[in-house]
Amino acid sequence: MEKQNSATQSVQCSVQQCQYHSGSNSCSLSSIQIGTHEMYPTKTECTDCESFALKAGMQNKK
């Protein structure tokens, strides 16, 4: 994934724990990869942002 200098307005993200979260509910990557952990996904909960990377210092926060 290629990181941009500014937020990608077409990719909305509210995951503040991700290192690519722009702080304005946008993603700073130029593109993202979406995947699933289910053989036959039927709900939103079955899909994942495979571009997610944990922001430094967030390992022990819950």
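Modeller: Before we look at single residues, one convention is needed: a residue counts as buried under 20% relative accessible area, as exposed over 50%, and as partly exposed in between. Please also keep in mind that what stands above is a predicted model.

Biologist: With that convention in hand, is L54 buried, partly exposed or exposed?

Modeller: L54 has a relative accessible area of 39%, and because partly exposed covers the values between 20% and 50%, L54 is placed in that class. Along the chain, L54 belongs to the segment that follows β4 (47-49), and together with V15 and F52 it makes a nonpolar surface patch of about 240 Å².

Biologist: How many helices and strands should I look for in the chain?

Modeller: You will find zero helices and four strands, so that, because strands are numbered from the N terminus, the order reads simply β-β-β-β. Of the 62 residues in the chain, 24% are buried, while the area that the chain exposes comes to about 4,900 Å², with carbon and sulfur atoms supplying 47% of it.

Biologist: How should I read a residue within a strand, and which class does S10 fall in?

Modeller: S10 lies in strand β1, and with a relative accessibility of 67% it counts as exposed, because that value is over 50%. S10 and C27 are separated by 17 residues in sequence, yet their C-alpha atoms are 8.5 Å apart in space.

Biologist: And which residues does D48 touch, leaving aside those up to four places away in sequence?

Modeller: D48, which is part of strand β4, touches Q33, I34, G35, T36 and H37. For one of these residues, G35, the C-alpha distance to D48 is 5.2 Å, although the two are 13 residues apart in sequence. At 31% relative accessibility, D48 counts as partly exposed. For the chain as a whole, among contacts between residues at least 6 apart in sequence, 33% join residues at least 24 apart.

Biologist: Finally, how does one find empty space in such a model, and what volume does the largest pocket have?

Modeller: The general idea is to roll a probe the size of a water molecule over the atoms, which shows where empty space is left. Here the largest pocket has a volume of about 220 Å³, and of the 14 residues that line it, Q12, C13, V15, I32 and C49 are the closest to its centre. Strands β1 (3-12) and β2 (26-29) each supply at least two residues of that lining. V15 thus deserves a second look, because it lines this pocket and also belongs to the nonpolar patch, whose residues have over 30% relative accessible area.

How values were computed:
Residues numbered from 1 in each chain as written. Predicted model: local features only at pLDDT ≥ 70, side-chain atom pairs only at ≥ 80, totals over all residues. Heavy atoms only, no water. Patch = residues over 30% accessible without salt bridge, like charges linked within 9 Å, V, L, I, M, F, W, Y side chains within 5 Å. Areas by Shrake-Rupley, 256 points an atom, 1.4 Å probe, with all protein chains shown as cover. Salt bridge = Lys/Arg side-chain N within 4 Å of Asp/Glu carboxyl O. Buried < 20%, exposed > 50% of the residue type's maximum accessible area, 1.4 Å probe, protein only. Contact = heavy atoms within 4.5 Å. 1 Å grid on protein atoms, 1.4 Å probe; cavity = no way out; pocket = protein on both sides within 12 Å on 5 of 7 lines; lining within 4 Å. Points joined across faces, edges and corners; volume = space filled by probe spheres on them.
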